[in-house]
Amino acid sequence: MRYILITHRYLAVAVGLLMSLWCLSGFVMMYQAFPEQTLAQRLQGLAPLDLQECCDLSSLAAVDSSVAPPFRIEMLLNDPVMRTPAAVINLRTGQPITLLGDAELMQVARLWAEGNNLQDANLSLQGELEMDQWIIQSARRNRPVHHVLMGDRAGTEIYINGSTGEVFQKTTRRERVLAWLGVIPHWLYPTALRQNGALWSEIVIWTSIAGTFLTATGLYVGIARLRTRRARRDAGAQPRSQISPFRGLWYWHHMLGLVFGILTLTWVFSGLLTMNPWGALASDGSSYRQDFVGDASWQQVRNLLRSATQAQQQGELPQNMVSLQSGVFAGDLHAFVGTADGEQSLRIDATARPAEPLTESVIRQHTAAAGVPLESLRLLTEEDAYYYAHKSPIELPVWRAQLIDSDNTAIYIGPESASVRVMTETSRTSRWLRVGLHRLDFAFMKDRPLWDILVIILLAGVTLLCLTGTWMSFQRIRHDMRSARQQKRRAF
């Protein structure tokens, strides 16, 4: 017991301080995630899509029967362009776009500012960036990165890919301040550390392991120090300290540990699992998603663009259309229409007509043709334990296809969006051990504001436990060091 106490005490100096920081930053993360540009902001920052004199795909040199990649059709500098993972093609000329100059970058930025109602904007192009705090994970794939200050009251800043002309990140002053109070300390996310992904991952994993060990030893000590009824009677304990031998702050830390210790352990352990340490919760992947989705051909892309052009000429598509984003189900190409008000709910088929919702017969026919072992197909009108909304909306109703396989795979298929979500045994384990334990998004408490109230109360208790433990460890170590110095003086 003595050695466990000493280990717990000294480990709490460093790890307890970090755990206190994790708790305090958790309050902020309940309401402010890492800054990012939303889909609505991206769409609002685009010009109305004009498909006239469209579309030349000759430079792609793609065979009609070959597989087409995902794509978006948008306007860039008064021309429609096709954005694919590999290239951005000007659909008027059929040629890849060239690097944007300063004047063109400012044109993109002004359009984004106008679309997002930044009436007081005073734009300032800051030049090229290699890296900064807000583009840690996106900088490399968006080089050259250009940074633009909007000069508005909200302190908005955007980042533009100089090769594609796309605005890929946006932050405001409020988001940046709250990120430094929340997500950055919580994830140990300063740029200097996060740039080295391998080192960052090891540090987060090992500090989480240390936090788990610290909490587990604290629980053991706390339970071991509980007084039994007989021990309390023999010791003549006062009512206030009937079950604990401690006094003062030590007593309250003991009580907090008994009440919130298990929750603290599950929170720090589930935080460890979010890093998927050494592939502990890695999935081998599932081929079923591809079986349901399939591939679209370049011939389908050409047909869709031709149909969309005609539909726009005839006024059959929204006048405020700014984007067409591709999607595929059962090998059939469709597209989502994005509009200037930030919505992307209309799905059109290859003829540019509103796509029909996916029916049971369509899904059953496709699963049979693809050789997918279907056990049951059910239309859910309510959430279940694995398909649910918490901080983001979901599509309901949704088809749930239960498959016959060793992984007990379930596929959730949106009838309106044709979206496909795969849930395997590993995904279910992750849902409970990582997401459930860390976010506490269980069915009985995930509705807001009930979730907010419960999480704030529980997090406050865990925070007090970590803060009192850290303070006590510092005080005890100061006492130990003072005693050691006094003994050394006596020795002389």
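Contact here means heavy atoms within 4.5 Å. That is the sense in which residues "meet" in the close-ups below, all taken from a predicted model.

**View 1. Helix α9 meets helix α13.**
Start with α9 (residues 248-273) and α13 (residues 425-439), whose axes lie 8 Å apart at an angle of about 135°. That angle is neither over 145 degrees nor within 65 to 115 degrees, so α9 and α13 count as oblique to each other. On the α9 side, look for Thr266, Trp267, Ser270, Gly271 and Leu273; they touch Leu433, Arg434, Leu437 and His438 of α13. Sorted by class, this α9-α13 contact holds four nonpolar residues, four polar ones and one charged. As for handedness, α9 passes α13 in a left-handed crossing.

**View 2. Helix α7 runs alongside helix α9.**
Here α9 turns up again, now with α7 (residues 197-224) as its partner; the α7 and α9 axes are 9 Å apart and make an angle of about 155°. Angles over 145 degrees count as roughly antiparallel, which is why α7 and α9 get that description. Their crossing is left-handed. From α7 come Ile205, Ser208, Ile209, Gly211, Thr212, Thr215, Ala216, Leu219, Gly222 and Ile223, while the α9 side includes His254, Gly257, Leu258 and Phe269. You'll find no charged residues in this α7-α9 contact, just eleven nonpolar and nine polar.

**View 3. Helix α1 crosses helix α7.**
Helix α7 also packs with α1 (residues 2-29): the two axes come within 9 Å and cross at roughly 125°. α1 and α7 are therefore oblique to each other, and α1 passes α7 in a left-handed crossing. Among the α1 residues making the contact are Ile4, Leu5, His8, Leu11, Met19 and Trp22, and among those of α7 are Thr207, Phe213, Leu214, Tyr220 and Val221. The α1-α7 contact has 13 nonpolar and nine polar residues, and once more no charged ones.

**View 4. A six-stranded open sheet with a helix packed on it.**
Reading across the sheet, the strands come in the order β3-β2-β1-β8-β9-β10, and the pairing is antiparallel. The edges belong to β3 (88-90) and β10 (346-348); each has a single partner strand, so one side of each is left without a neighbour in the sheet. From one strand to the next, the twist averages 30°. Helix α11 (residues 298-313) packs on this sheet and touches β1, β2 (79-83), β8, β9 (332-339) and β10. The direction of α11 makes about 40° with that of β9.

**View 5. Strands β1 and β8 side by side.**
Zoom in on β1 (residues 72-76) and β8 (residues 321-329), which pair in the antiparallel sense over two bridges. A handy landmark is arginine 72, which stands opposite glutamine 325 in β8.

**View 6. A salt bridge between β1 and helix α2.**
Side chains of opposite charge can pair when their charged atoms come close. Glutamate 74 does this with arginine 42, forming a salt bridge whose closest N and O atoms are 2.4 Å apart. The pair ties together distant parts of the chain: glutamate 74 sits in strand β1 and arginine 42 in helix α2 (residues 39-44), 32 residues apart. This model's count comes to 18 salt bridges.

Notes:
Residues numbered from 1 in each chain as written. Predicted model: local features only at pLDDT ≥ 70, side-chain atom pairs only at ≥ 80, totals over all residues. Heavy atoms only, no water. Axes fitted to C-alpha atoms, helices over the stretch in contact; angles between N-to-C directions. Helix = DSSP H or I, 4+ residues; strand = E, 2+ residues; numbered from the N terminus. Parallel < 35°, antiparallel > 145°, perpendicular 65-115°, else oblique. Left-handed = near helix turned anticlockwise from the far one by under 90°. Nonpolar A, V, L, I, M, F, W, Y, C, P; charged D, E, K, R; others polar. Pairing = 2+ DSSP bridges. Salt bridge = Lys/Arg side-chain N within 4 Å of Asp/Glu carboxyl O.
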